[in-house]
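Me: I am new to this structure and would like to work through some of its features by question and answer. Please show it first.

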Amino acid sequence: MTDAVVIGAGPNGLVAANLLADAGWNVLVLEEQPEPGGAVRHDRGVDPAFVNDLFSSFYPLAAASPVLAGLRLQEHGLRWSQAPCVLAHPLSDGGCAVLDRRIDITAASLDAFAQGDGDAWRRLHETWARVGADLLDALFTPFPPVRATARLAARLRAAGGLRLARTLALPVRRMGEEEFNGQGGRLLLAGNALHADLAPESAGSGGFGWLMAMLGQTYGFPVPVGGSGALTQALVRRLESLGGQLRCKQRVESVVIRGGRATGVRTAGGESVSARKAVLADVSVPALYGELVASEHLPGQLLADLQRFQWDFATFKVDWALDGRVPWQTEQTARAGTVHLADGLDELTRFAAQIAMCQLPDRPFLLFGQMTLADPSRSPLGTESAWAYTHVPHTITGDAGDEGITGTWSADEQNLMADRVEQQVERFAPGFRSLVRARRVLAPPTLQALDSNLKDGATAIHQQLVFRPLPGAGRPETPVAGLFLASAGAHPGGGVHGAPGANAARAALRRHRPPGLARSQRRLADRDRTGTRR
């Protein structure tokens with residue numbers, strides 16, 4: 001009999017399944033799509049000679065994750081590759097801020113904006129060197145991370161204590177103003193903060209921008225060789241080597257609950273699958289509590305809090321097969337795997353304000369990926385597999401570009417928006433459009449159809465820590481015994497690092513660990529730390 005059913009074969013679901021299988025559990029993963037991976041998949045749908053990632057592409061959090069490192073996925077075929085430079089933020093006047101794993105190159109690019117800003121960057125990196133390891137430990141362990149937080153608090157005191165905490169809580173615009181005299185360092189922080197939909201004026205965006213920038217400085221923004229799906233394939237191969245099973249095209253319709261405990265699932269095809277020990281759900285929070293679990297099994301307060309759940313922004317993406325390398329105006333940009341496209345900090349603020357007002361931005365902030373530069377296996381020599389995505393409101397009440405796009409995302413609206421994206425690229429790379437061999441447009445409804453779990457909770461401070469996914473629900477345990485939330489809806493949230501899946505698996509294992517074994521494992525851990533028996 002199956003010990004655990006995992007709903008969803010995204011990276012968190014597959015990590016959870018692997019850890020349960022490591023413990024000897026009989027695990028079955030059910031995935032509604034024709035293939036596993038969630039937002040970690042690639043295909044050749046733009047041009048047969050080009051590999052294009054469907055969703056995510058660059059994985060700094062994966063490189064930093066102790067969860068993924070512990071799975072030793074390199075033994076199951078995973079290999080990583082990097083572009084020569086991590087990130088570039090070019091400006092129309094020819095300036096360019098660069099994030100490079102060689103800190104001297106990063107610093108020199110910032111000194112070009114204002115002398116002394118390179119040393120300011122080094123000081124931010126020195127702070128990271130003191131607290132980064134403990135910060136990541138606190139990020140990746142179950143909430144509340146008591147031991148990791150205690151170590152982090154000690155490190156923070158040594159690194160400046162309350163002053164540092166204040167700095168990291170600042171909006172990224174203000175943090176940039178306090179740390180840098182020129183625009184370069186400010187752009188690196190603010191562009192990275194917008195990876196998580198945090199506007200330059202949002203509280204805490206400074207800390208998130210700093211975290212992402214320091215991850216890039218330390219680990220780079222690596223990509224799986226052969227396409228993002230190579231990471232998924234390694235997770236699946238590892239799971240199957242342990243006896244775990246994966247079944248695709250199996251949409252779970254409901255969690256079966258008997259006597260207040262999750263005992264299995266029922267699929268859309270009418271099949272009932274029993275789970276002797278646990279059900280783990282790698283699905284969004286509203287999907288779990290609003291669809292899979294009947295309301296009579298949930299507290300009224302949770303259902304009320306669910307009405308206040310805030311989604312992150314919707315995504316609009318364009319994939320390209322290009323006949324040549326992108327003709328950037330600045331040489332530094334031609335070496336960067338990730339490129340941020342907005343002509344200054346004020347343009348970032350303008351973009352975020354338009355989305356907040358439910359307007360479709362006229363000059364969208366783009367995250368642009370040069371994938372062949374990062375991994376030469378992605379397309380033929382001399383060409384480029386590329387993409388760009390931007391954020392848009394879920395509900396559009398006006399088009400700041402005056403083209404009448406309403407958010408129905410008809411074929412005409414998709415092409416109008418894709419043209420707008422290409423025009424933004426042309427501002428920094430004149431002649432870009434002449435290189436387009438083929439393109440694919442992925443509007444919000446298309447992306448959602450490809451991965452129903454793509455929508456995630458907002459990263460703003462009111463939906464983090466004890467507030468994620470809902471107030472007081474920061475752990476993977478749910479109000480239903482034997483049911484665990486294993487998706488990015490749980491702490492610590494989005495990004496490909498596997499922590500929500502690992503936290504859910506460990507919570508399930510704790511519930512079924514004999515008390516005597518638990519005490520024995522704690523004694524062994526104490527002995528390992530101290531070198532003595534107790």
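Me: Is Asp 402 buried or exposed?

Reply: The model is a predicted one. A residue counts as exposed when its relative accessible area is over 50%. The relative accessible area of Asp 402 is 70%, so Asp 402 is exposed.

Me: Where along the chain does Asp 402 lie?

Reply: Asp 402 has a positive phi of about 55° although it is not a glycine. Its place is the loop between strand 19 (398-399) and helix 16 (411-428).

Me: Cys 358 has a positive phi as well; how does Cys 358 count by its relative accessibility?

Reply: Cys 358 is not a glycine, yet its phi is about 60°. It is found in the loop between helix 14 (345-356) and strand 16 (359-360). Values that fall between the limits for buried, under 20%, and exposed, over 50%, count as partly exposed. The relative accessibility of Cys 358 is 29%, so this residue counts as partly exposed.

Me: In what order do the five strands of the open sheet stand?

Reply: Strand 1 (residues 4-7) pairs in the parallel sense with strand 13 (residues 278-281) over four bridges, and with strand 2 (residues 27-30), also parallel, over four bridges. Three bridges join strand 2 to strand 9. With strand 21 included, the order is 9-2-1-13-21.

Me: Why is one side of strand 9 and of strand 21 left without a neighbour in the sheet?

Reply: The five strands form an open sheet. Strand 9 (245-247) and strand 21 each have a single partner strand, so one side of each is left without a neighbour; both stand at the edges.

Me: Which residue stands opposite Val 6 in strand 2?

Reply: In strand 1, Ala 4 and Val 6 point one way, while Val 5 and Ile 7 point the other way. The bridge partner of Val 5 in strand 13 is Val 279. In strand 2, the residue opposite Val 6 is Val 29.

Me: What is the handedness of the β-α-β crossover from strand 1 to strand 2?

Reply: Strand 1 and strand 2 pair in the parallel sense. Between them the chain passes through helix 1 (residues 11-22), and the crossover is right-handed.

Me: How many of the eight residues of helix 12 are buried?

Reply: Helix 12 (residues 285-292) is mostly covered. What covers its buried residues includes strand 1, strand 13 and helix 13 (300-306). Among the buried residues are Val 285, Leu 288 and Tyr 289. The number buried, out of eight, is six.

Terms used: Residues numbered from 1 in each chain as written. Predicted model: local features only at pLDDT ≥ 70, side-chain atom pairs only at ≥ 80, totals over all residues. Heavy atoms only, no water. Buried < 20%, exposed > 50% of the residue type's maximum accessible area, 1.4 Å probe, protein only. Helix = DSSP H or I, 4+ residues; strand = E, 2+ residues; numbered from the N terminus. Pairing = 2+ DSSP bridges. Right-handed = clockwise from strand over helix to strand, strands pointing away. Contact = heavy atoms within 4.5 Å.
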